[in-house]
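Q: Please take a close look at one buried polar side chain and its contacts, then follow the helices and loops around the rest of the chain. Plain description is enough.

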Amino acid sequence: MNLIGLPIGDRPPAKASGLEGVVVADTRLSHVDGERGELLIAGYRAEELALEDPGHFETVVERLLAISGAAPQPALREHLARARITTFARLPQLTEALSLSDSMDALLAATAQGSAGSEGLSVLGALSVYVAAGARLRSGRTPIAPDASRSTAQDFMSMRCLPDDPARARALDAYWTTVSDHGLNASTFAARVVASTGSDVMPCVVAALGALKGPLHGGAPGPVLDMLDETTDMDPRGWLERELAAGRRIMGMGHRIYRVRDPRAFVFEQALTRLAAEAPEKSAITARLGHARRVEQAARALLHERHPERPLCANVEFYTALLLEAVGIPRELFTATFAIGRCAGWLAHIAEQRHTGRLIRPAARYVGPMLAQTMPE
Ligand code: COA
(Lines give C-alpha, C1' and ligand atoms only; values in the text may rest on other atoms or scores of the structure.)
Protein backbone atom coordinates (compact mmCIF):
# COMPACT_ATOMS: atom_id res chain seq x y z
CA MET A 1 0.00 0.00 0.00
CA ASN A 2 1.27 3.43 -0.91
CA LEU A 3 1.07 6.36 1.50
CA ILE A 4 0.91 9.98 0.42
CA GLY A 5 0.99 13.18 2.47
CA LEU A 6 -2.28 15.08 2.09
CA PRO A 7 -2.04 18.61 3.47
CA ILE A 8 -3.67 18.64 6.94
CA GLY A 9 -5.62 21.74 5.94
CA ASP A 10 -7.61 19.59 3.48
CA ARG A 11 -9.00 17.45 6.29
CA PRO A 12 -11.88 18.29 8.66
CA PRO A 13 -10.68 20.62 11.45
CA ALA A 14 -10.07 19.28 14.96
CA LYS A 15 -11.99 20.66 17.91
CA ALA A 16 -9.95 22.46 20.57
CA SER A 17 -7.58 19.88 21.99
CA GLY A 18 -8.94 20.20 25.54
CA LEU A 19 -12.58 20.10 24.36
CA GLU A 20 -13.09 23.55 25.91
CA GLY A 21 -16.53 24.93 25.16
CA VAL A 22 -17.70 21.60 23.69
CA VAL A 23 -20.99 20.45 25.23
CA VAL A 24 -21.22 16.66 25.27
CA ALA A 25 -23.95 15.97 27.84
CA ASP A 26 -27.07 17.40 29.43
CA THR A 27 -26.99 17.27 33.20
CA ARG A 28 -29.32 18.27 36.04
CA LEU A 29 -26.70 17.64 38.70
CA SER A 30 -24.62 20.82 38.89
CA HIS A 31 -24.24 24.12 37.09
CA VAL A 32 -20.92 25.96 36.84
CA ASP A 33 -21.09 29.62 35.82
CA GLY A 34 -17.47 30.48 35.10
CA GLU A 35 -18.09 34.15 34.32
CA ARG A 36 -20.05 34.97 37.47
CA GLY A 37 -18.29 32.48 39.74
CA GLU A 38 -21.43 30.59 40.71
CA LEU A 39 -21.87 26.91 41.43
CA LEU A 40 -25.21 25.15 41.88
CA ILE A 41 -25.16 21.58 43.18
CA ALA A 42 -28.43 19.62 43.07
CA GLY A 43 -30.21 22.96 42.62
CA TYR A 44 -28.60 24.66 45.65
CA ARG A 45 -25.82 27.24 45.76
CA ALA A 46 -22.62 25.54 46.96
CA GLU A 47 -22.16 27.98 49.85
CA GLU A 48 -25.75 27.45 50.99
CA LEU A 49 -25.37 23.66 50.91
CA ALA A 50 -22.04 23.61 52.71
CA LEU A 51 -22.38 26.43 55.22
CA GLU A 52 -26.05 27.04 55.93
CA ASP A 53 -27.69 23.70 55.39
CA PRO A 54 -27.14 21.69 58.58
CA GLY A 55 -27.22 18.38 56.65
CA HIS A 56 -24.32 15.99 56.36
CA PHE A 57 -22.49 14.99 53.18
CA GLU A 58 -25.03 12.17 53.00
CA THR A 59 -27.74 14.77 52.28
CA VAL A 60 -26.04 15.95 49.10
CA VAL A 61 -25.39 12.33 48.03
CA GLU A 62 -29.10 11.65 48.45
CA ARG A 63 -30.10 14.77 46.49
CA LEU A 64 -27.69 14.09 43.63
CA LEU A 65 -28.77 10.46 43.30
CA ALA A 66 -32.45 11.43 43.41
CA ILE A 67 -31.96 13.92 40.56
CA SER A 68 -29.85 11.47 38.52
CA GLY A 69 -32.69 9.01 38.14
CA ALA A 70 -30.85 6.29 40.11
CA ALA A 71 -33.08 3.83 41.96
CA PRO A 72 -34.30 5.42 45.24
CA GLN A 73 -32.03 4.63 48.19
CA PRO A 74 -34.00 4.37 51.43
CA ALA A 75 -31.86 4.71 54.57
CA LEU A 76 -28.88 5.93 52.59
CA ARG A 77 -26.79 6.74 55.65
CA GLU A 78 -27.26 3.19 56.99
CA HIS A 79 -26.46 1.77 53.57
CA LEU A 80 -23.15 3.66 53.49
CA ALA A 81 -22.36 2.57 57.06
CA ARG A 82 -23.02 -1.08 56.18
CA ALA A 83 -20.73 -0.75 53.17
CA ARG A 84 -17.94 0.50 55.44
CA ILE A 85 -18.39 -2.47 57.78
CA THR A 86 -18.41 -5.00 54.90
CA THR A 87 -15.35 -3.37 53.34
CA PHE A 88 -13.47 -3.46 56.61
CA ALA A 89 -14.12 -7.22 56.89
CA ARG A 90 -12.51 -7.66 53.43
CA LEU A 91 -9.37 -5.65 54.23
CA PRO A 92 -7.13 -8.73 54.81
CA GLN A 93 -7.49 -9.55 51.08
CA LEU A 94 -6.57 -5.98 50.13
CA THR A 95 -3.48 -5.46 52.28
CA GLU A 96 -1.08 -5.63 49.33
CA ALA A 97 -3.10 -3.16 47.23
CA LEU A 98 -3.54 -0.74 50.14
CA SER A 99 0.16 -0.88 51.00
CA LEU A 100 1.24 0.68 47.68
CA SER A 101 3.32 3.72 48.61
CA ASP A 102 1.23 6.31 46.72
CA SER A 103 -2.18 6.84 48.33
CA MET A 104 -3.93 7.25 44.96
CA ASP A 105 -2.28 4.12 43.53
CA ALA A 106 -3.44 2.26 46.66
CA LEU A 107 -6.98 3.63 46.29
CA LEU A 108 -7.09 2.68 42.60
CA ALA A 109 -5.80 -0.84 43.24
CA ALA A 110 -8.08 -1.49 46.23
CA THR A 111 -11.15 -0.14 44.41
CA ALA A 112 -10.43 -2.30 41.36
CA GLN A 113 -9.79 -5.40 43.45
CA GLY A 114 -12.23 -4.94 46.32
CA SER A 115 -15.27 -3.36 44.71
CA ALA A 116 -15.91 -5.63 41.70
CA GLY A 117 -19.63 -6.21 41.32
CA SER A 118 -20.52 -3.61 43.97
CA GLU A 119 -23.29 -1.14 43.27
CA GLY A 120 -22.80 2.62 43.59
CA LEU A 121 -23.33 3.41 47.25
CA SER A 122 -21.22 0.43 48.33
CA VAL A 123 -18.30 1.76 46.29
CA LEU A 124 -18.68 5.19 47.93
CA GLY A 125 -18.83 3.62 51.41
CA ALA A 126 -15.76 1.51 50.59
CA LEU A 127 -13.62 4.47 49.46
CA SER A 128 -13.54 6.06 52.91
CA VAL A 129 -12.35 2.76 54.42
CA TYR A 130 -9.69 2.27 51.73
CA VAL A 131 -8.31 5.79 52.30
CA ALA A 132 -8.30 5.61 56.11
CA ALA A 133 -7.15 1.99 56.45
CA GLY A 134 -4.58 2.32 53.66
CA ALA A 135 -2.89 5.25 55.42
CA ARG A 136 -2.60 3.23 58.61
CA LEU A 137 -1.30 0.11 56.84
CA ARG A 138 1.32 2.14 54.98
CA SER A 139 2.64 3.47 58.26
CA GLY A 140 2.74 0.00 59.83
CA ARG A 141 -0.36 0.46 62.01
CA THR A 142 -3.51 -1.64 62.29
CA PRO A 143 -6.65 -0.28 60.58
CA ILE A 144 -9.36 1.02 62.91
CA ALA A 145 -12.81 -0.53 62.51
CA PRO A 146 -15.66 1.69 61.29
CA ASP A 147 -18.61 2.54 63.53
CA ALA A 148 -21.99 2.29 61.82
CA SER A 149 -23.57 4.82 64.17
CA ARG A 150 -21.44 7.66 62.79
CA SER A 151 -21.78 9.82 59.71
CA THR A 152 -19.28 9.28 56.88
CA ALA A 153 -17.22 12.30 58.02
CA GLN A 154 -17.26 11.38 61.72
CA ASP A 155 -16.35 7.79 60.93
CA PHE A 156 -13.55 8.80 58.56
CA MET A 157 -12.05 10.94 61.33
CA SER A 158 -12.34 8.05 63.76
CA MET A 159 -10.81 5.52 61.30
CA ARG A 160 -7.95 8.02 60.81
CA CYS A 161 -7.60 8.11 64.62
CA LEU A 162 -8.29 11.85 64.66
CA PRO A 163 -9.85 13.44 67.75
CA ASP A 164 -13.63 13.08 68.07
CA ASP A 165 -14.23 16.74 67.32
CA PRO A 166 -17.61 17.88 65.94
CA ALA A 167 -16.13 21.13 64.54
CA ARG A 168 -13.61 19.23 62.42
CA ALA A 169 -16.19 16.66 61.30
CA ARG A 170 -18.43 19.59 60.25
CA ALA A 171 -15.56 21.14 58.29
CA LEU A 172 -14.95 17.82 56.51
CA ASP A 173 -18.68 17.55 55.77
CA ALA A 174 -18.62 21.06 54.30
CA TYR A 175 -15.58 20.11 52.21
CA TRP A 176 -17.10 16.90 50.77
CA THR A 177 -20.43 18.61 50.14
CA THR A 178 -18.73 21.42 48.21
CA VAL A 179 -16.63 19.13 46.02
CA SER A 180 -19.40 16.56 45.49
CA ASP A 181 -20.03 17.64 41.90
CA HIS A 182 -18.70 20.17 39.43
CA GLY A 183 -20.01 19.84 35.90
CA LEU A 184 -18.10 17.78 33.41
CA ASN A 185 -14.66 17.91 35.04
CA ALA A 186 -12.06 15.42 33.76
CA SER A 187 -12.77 12.61 36.25
CA THR A 188 -16.55 12.90 35.86
CA PHE A 189 -16.16 12.85 32.10
CA ALA A 190 -13.97 9.75 32.37
CA ALA A 191 -16.66 8.06 34.52
CA ARG A 192 -19.37 9.01 32.01
CA VAL A 193 -17.38 7.68 29.04
CA VAL A 194 -16.99 4.30 30.75
CA ALA A 195 -20.64 4.32 31.90
CA SER A 196 -21.73 5.02 28.32
CA THR A 197 -20.26 1.67 27.24
CA GLY A 198 -22.64 -0.12 29.63
CA SER A 199 -19.86 -1.06 32.05
CA ASP A 200 -20.30 -1.60 35.80
CA VAL A 201 -19.94 1.06 38.47
CA MET A 202 -16.52 -0.08 39.69
CA PRO A 203 -14.68 0.41 36.35
CA CYS A 204 -16.35 3.83 35.98
CA VAL A 205 -15.05 4.87 39.42
CA VAL A 206 -11.59 3.44 38.68
CA ALA A 207 -11.43 5.51 35.47
CA ALA A 208 -12.47 8.60 37.41
CA LEU A 209 -9.85 7.95 40.10
CA GLY A 210 -7.19 7.65 37.39
CA ALA A 211 -8.14 11.06 35.99
CA LEU A 212 -8.28 12.61 39.45
CA LYS A 213 -4.73 11.51 40.25
CA GLY A 214 -3.21 13.98 37.75
CA PRO A 215 -1.81 17.26 39.14
CA LEU A 216 -3.85 19.35 36.69
CA HIS A 217 -7.07 17.96 38.17
CA GLY A 218 -7.06 16.72 41.78
CA GLY A 219 -3.38 16.56 42.57
CA ALA A 220 -2.75 20.25 43.27
CA PRO A 221 -3.52 20.78 46.98
CA GLY A 222 -0.39 18.98 48.26
CA PRO A 223 1.89 21.26 46.19
CA VAL A 224 -0.17 24.29 47.36
CA LEU A 225 0.75 23.45 50.94
CA ASP A 226 4.41 22.99 49.91
CA MET A 227 4.24 26.50 48.40
CA LEU A 228 2.77 27.96 51.60
CA ASP A 229 5.48 26.23 53.66
CA GLU A 230 8.25 27.50 51.41
CA THR A 231 6.99 31.10 51.46
CA THR A 232 6.30 31.38 55.21
CA ASP A 233 7.93 34.50 56.69
CA MET A 234 8.85 35.98 53.33
CA ASP A 235 7.37 38.14 50.61
CA PRO A 236 6.00 35.41 48.29
CA ARG A 237 6.49 37.39 45.07
CA GLY A 238 10.15 36.45 44.59
CA TRP A 239 9.39 32.77 45.16
CA LEU A 240 6.48 32.87 42.70
CA GLU A 241 8.62 34.63 40.08
CA ARG A 242 11.26 31.92 40.36
CA GLU A 243 8.62 29.20 39.90
CA LEU A 244 7.31 30.83 36.74
CA ALA A 245 10.84 31.48 35.45
CA ALA A 246 11.53 27.74 35.91
CA GLY A 247 8.51 27.02 33.68
CA ARG A 248 6.35 25.70 36.52
CA ARG A 249 2.71 26.57 37.12
CA ILE A 250 1.46 28.09 40.35
CA MET A 251 -0.60 25.33 41.90
CA GLY A 252 -4.08 26.23 43.07
CA MET A 253 -4.34 29.07 40.52
CA GLY A 254 -6.25 29.10 37.22
CA HIS A 255 -9.22 27.13 36.02
CA ARG A 256 -10.58 25.87 32.74
CA ILE A 257 -14.06 27.30 33.37
CA TYR A 258 -13.79 30.07 35.98
CA ARG A 259 -12.70 33.50 34.84
CA VAL A 260 -13.19 34.83 38.37
CA ARG A 261 -12.28 33.39 41.76
CA ASP A 262 -13.61 29.84 42.22
CA PRO A 263 -16.67 30.10 44.51
CA ARG A 264 -15.47 27.00 46.38
CA ALA A 265 -12.41 28.96 47.55
CA PHE A 266 -14.85 31.30 49.34
CA VAL A 267 -16.74 28.37 50.90
CA PHE A 268 -13.51 26.86 52.26
CA GLU A 269 -12.31 30.20 53.62
CA GLN A 270 -15.62 30.52 55.48
CA ALA A 271 -15.43 26.94 56.74
CA LEU A 272 -11.88 27.62 57.96
CA THR A 273 -12.89 30.81 59.74
CA ARG A 274 -15.72 28.90 61.43
CA LEU A 275 -13.37 26.07 62.39
CA ALA A 276 -10.77 28.52 63.73
CA ALA A 277 -13.42 30.07 65.98
CA GLU A 278 -14.11 26.66 67.57
CA ALA A 279 -10.71 24.96 67.49
CA PRO A 280 -8.07 25.23 70.19
CA GLU A 281 -5.48 26.03 67.47
CA LYS A 282 -7.36 29.21 66.51
CA SER A 283 -4.24 31.38 66.17
CA ALA A 284 -2.36 28.79 64.03
CA ILE A 285 -5.30 28.39 61.63
CA THR A 286 -5.85 32.16 61.43
CA ALA A 287 -2.15 32.84 60.78
CA ARG A 288 -2.03 30.17 58.04
CA LEU A 289 -5.17 31.63 56.43
CA GLY A 290 -3.66 35.14 56.49
CA HIS A 291 -0.49 33.88 54.82
CA ALA A 292 -2.50 31.98 52.18
CA ARG A 293 -4.42 35.15 51.32
CA ARG A 294 -1.14 37.06 50.87
CA VAL A 295 0.25 34.33 48.59
CA GLU A 296 -3.02 34.23 46.62
CA GLN A 297 -2.95 38.01 46.09
CA ALA A 298 0.72 37.98 45.02
CA ALA A 299 0.10 35.06 42.62
CA ARG A 300 -2.97 36.70 41.13
CA ALA A 301 -1.12 39.99 40.56
CA LEU A 302 1.87 38.25 38.99
CA LEU A 303 -0.24 36.04 36.75
CA HIS A 304 -2.23 39.10 35.68
CA GLU A 305 1.01 40.77 34.56
CA ARG A 306 1.91 37.66 32.51
CA HIS A 307 -1.58 36.95 31.17
CA PRO A 308 -3.62 40.19 31.20
CA GLU A 309 -5.95 38.59 28.65
CA ARG A 310 -6.84 35.65 30.89
CA PRO A 311 -7.84 36.06 34.54
CA LEU A 312 -6.05 33.39 36.61
CA CYS A 313 -7.50 33.31 40.12
CA ALA A 314 -7.52 30.90 43.05
CA ASN A 315 -9.22 27.60 42.31
CA VAL A 316 -10.78 25.03 44.63
CA GLU A 317 -7.44 23.42 45.42
CA PHE A 318 -5.91 26.52 46.98
CA TYR A 319 -8.07 26.54 50.10
CA THR A 320 -8.68 22.78 50.00
CA ALA A 321 -5.09 22.44 51.14
CA LEU A 322 -5.67 24.69 54.14
CA LEU A 323 -9.01 23.23 55.10
CA LEU A 324 -7.84 19.61 54.98
CA GLU A 325 -4.69 20.51 56.88
CA ALA A 326 -6.79 22.14 59.61
CA VAL A 327 -9.04 19.07 59.74
CA GLY A 328 -5.94 16.95 60.38
CA ILE A 329 -5.52 15.18 57.02
CA PRO A 330 -1.89 14.75 55.91
CA ARG A 331 -1.06 16.16 52.47
CA GLU A 332 -0.35 12.78 50.90
CA LEU A 333 -4.04 11.95 51.46
CA PHE A 334 -5.50 15.17 50.02
CA THR A 335 -6.38 13.82 46.57
CA ALA A 336 -7.69 10.53 47.94
CA THR A 337 -9.85 12.47 50.44
CA PHE A 338 -11.16 14.62 47.58
CA ALA A 339 -12.10 11.40 45.76
CA ILE A 340 -14.51 10.40 48.56
CA GLY A 341 -16.48 13.63 48.12
CA ARG A 342 -16.38 13.65 44.33
CA CYS A 343 -17.51 10.01 44.20
CA ALA A 344 -21.02 11.33 44.99
CA GLY A 345 -21.01 13.23 41.69
CA TRP A 346 -19.44 10.32 39.80
CA LEU A 347 -22.21 7.96 40.90
CA ALA A 348 -24.93 10.42 39.96
CA HIS A 349 -23.34 11.10 36.55
CA ILE A 350 -22.97 7.36 35.92
CA ALA A 351 -26.72 6.95 36.57
CA GLU A 352 -27.56 9.98 34.44
CA GLN A 353 -25.39 8.72 31.59
CA ARG A 354 -27.00 5.29 31.73
CA HIS A 355 -30.38 6.92 31.24
CA THR A 356 -29.26 8.47 27.98
CA GLY A 357 -28.23 5.02 26.73
CA ARG A 358 -25.90 6.66 24.23
CA LEU A 359 -22.27 5.58 23.68
CA ILE A 360 -19.81 8.49 23.96
CA ARG A 361 -17.57 8.06 20.97
CA PRO A 362 -16.06 11.23 19.51
CA ALA A 363 -13.85 11.30 16.44
CA ALA A 364 -10.16 12.10 16.03
CA ARG A 365 -8.74 14.12 13.18
CA TYR A 366 -6.25 11.91 11.35
CA VAL A 367 -3.06 13.85 10.61
CA GLY A 368 -0.91 10.96 9.35
CA PRO A 369 -0.18 10.11 5.71
CA MET A 370 -3.09 8.94 3.52
CA LEU A 371 -3.16 5.93 1.22
CA ALA A 372 -2.24 6.84 -2.35
CA GLN A 373 -5.05 6.60 -4.94
CA THR A 374 -4.62 3.59 -7.25
CA MET A 375 -4.06 5.09 -10.67
CA PRO A 376 -5.48 3.21 -13.70
CA GLU A 377 -2.67 1.89 -15.96
N1 COA B 1 0.34 29.15 36.74
C2 COA B 1 1.00 29.72 35.72
N3 COA B 1 0.50 29.87 34.48
C4 COA B 1 -0.73 29.39 34.28
C5 COA B 1 -1.47 28.78 35.28
C6 COA B 1 -0.89 28.67 36.55
N7 COA B 1 -1.55 28.09 37.57
N8 COA B 1 -2.67 28.41 34.78
C9 COA B 1 -2.67 28.74 33.49
N10 COA B 1 -1.49 29.36 33.19
C11 COA B 1 -1.10 29.91 31.90
C12 COA B 1 -0.59 28.80 30.99
O13 COA B 1 0.80 28.63 31.13
C14 COA B 1 -0.96 29.32 29.63
O15 COA B 1 0.01 30.25 29.23
P16 COA B 1 0.57 30.26 27.69
O17 COA B 1 -0.65 30.54 26.87
O18 COA B 1 1.58 31.34 27.71
O19 COA B 1 1.11 28.89 27.48
C20 COA B 1 -2.25 30.10 29.88
O21 COA B 1 -2.25 30.44 31.26
C22 COA B 1 -3.48 29.27 29.58
O23 COA B 1 -3.32 28.01 30.22
P24 COA B 1 -4.07 26.70 29.78
O25 COA B 1 -3.26 25.52 30.21
O26 COA B 1 -4.47 26.77 28.33
O27 COA B 1 -5.39 26.80 30.60
P28 COA B 1 -6.32 25.61 30.98
O29 COA B 1 -7.70 26.10 30.97
O30 COA B 1 -6.06 24.40 30.16
O31 COA B 1 -5.78 25.31 32.44
C32 COA B 1 -5.56 24.53 34.59
C33 COA B 1 -6.52 25.10 33.56
C34 COA B 1 -6.30 24.32 35.90
C35 COA B 1 -5.04 23.17 34.10
C36 COA B 1 -4.38 25.50 34.79
O37 COA B 1 -4.84 26.76 35.21
C38 COA B 1 -3.33 24.95 35.76
O39 COA B 1 -2.46 24.19 35.36
N40 COA B 1 -3.40 25.33 37.07
C41 COA B 1 -2.48 24.81 38.05
C42 COA B 1 -2.89 23.41 38.50
C43 COA B 1 -4.10 23.44 39.40
O44 COA B 1 -4.24 24.26 40.29
N45 COA B 1 -4.98 22.46 39.16
C46 COA B 1 -6.22 22.33 39.89
C47 COA B 1 -7.37 22.70 39.00
S48 COA B 1 -8.90 22.75 39.87
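A: The side chains of Arg264 and Asp262 make a polar contact at 2.7 Å. A polar contact is a pair of N or O atoms within 3.5 Å; within protein, one must be able to donate a hydrogen and the other to accept it, and residues adjacent in sequence count only if both atoms are side-chain atoms. The model is predicted, so local features need pLDDT of at least 70 and side-chain atom pairs count only at pLDDT 80 or more, while totals for chains, interfaces and linings use all residues. Residues are numbered from 1 along each chain as its sequence is written, and side-chain values use heavy atoms, with hydrogens and water left out.

Arg264 belongs to helix H13, residues 263-278. Helices (H or I, at least four residues) and strands (E, at least two) are DSSP runs, numbered from the N terminus. Arg264 counts as buried because its relative accessibility is 2%; buried means under 20% relative accessible area, exposed over 50%, and partly exposed in between, with a 1.4 Å probe and protein chains only. Not counting residues up to four places away in sequence, Arg264 touches Leu39, Thr178, His182, His255, Tyr258, Val316 and Arg342. Contact here means heavy atoms within 4.5 Å.

Arg342, one of those partners, also takes part in the meeting of H9 with H16. Two packed helices are described by the angle between their axes and the distance between the axes. For H9 (residues 186-196) and H16 (residues 334-356), the axes come within 9 Å and cross at roughly 35°. Axes are lines fitted to C-alpha atoms, for helices over the stretch in contact, and angles run from 0 to 180 degrees between N-to-C directions. The crossing of H9 and H16 is right-handed; a crossing is left-handed if the near helix is turned anticlockwise from the far one by less than a right angle, and right-handed if clockwise. From H9, the residues Ser187, Thr188, Ala191, Arg192, Ala195 and Ser196 meet Arg342, Trp346, His349, Ile350, Glu352, Gln353 and Thr356 of H16.

Ser187, Thr188, Ala190, Ala191, Arg192, Ala195 and Ser196 are buried in H9, and H10 and H16 are among what covers them. Just after H9, Gly198 has a positive phi of about 90°. Asp200 follows in the loop between H9 and helix H10 (201-212). Asp200 counts as partly exposed because its relative accessibility is 47%. The C-alpha atoms of Asp200 and Glu96 are 24 Å apart, with their positions 104 residues apart along the chain.

In H10 itself lies Leu209, which is buried because its relative accessible area is 0%. Leaving out residues up to four places away in sequence, Leu209 touches Met104, Leu107, Leu108, Thr111, Ala339 and Trp346. For Leu209 and Ala339, 130 residues apart along the chain, the C-alpha separation is 7.0 Å.

Two threonines of H16 can be set side by side. Thr337, in H16, counts as buried because its relative accessibility is 0%. Aside from neighbours within four places in sequence, Thr337 is in contact with Val131, Phe156, Leu172, Tyr175, Trp176, Leu324 and Ile329. Thr356, also placed in H16, counts as partly exposed because its relative accessibility is 45%. Thr356 and Asp26 are 330 residues apart in sequence, and their C-alpha atoms are 9.3 Å apart in space.

Helix H2 (residues 57-68) has 12 residues and spans 17 Å from first C-alpha to last, close to the expected 16 Å; the expected span is 1.5 Å times one less than the number of residues. Its buried residues are Phe57, Glu58, Val60, Val61, Leu64, Leu65 and Ser68. Down the axis of H2 these fall within an arc of 160°, so they line one face of the helix; the arc is that of the directions from the helix axis to the C-beta atoms. Gly69, just after H2, takes a positive phi of about 90°.

The backbone angles of two loop residues remain. Most residues other than glycine have a negative phi. Leu19, not a glycine, has a positive phi near 60° and sits in the loop between strand S1 (3-4) and strand S2 (30-33). Leu19 counts as partly exposed because its relative accessibility is 38%. Asp233, likewise not a glycine, has a positive phi of about 60°; its place is in the loop between helix H11 (221-231) and helix H12 (236-245). Asp233 is exposed because its relative accessible area is 79%.
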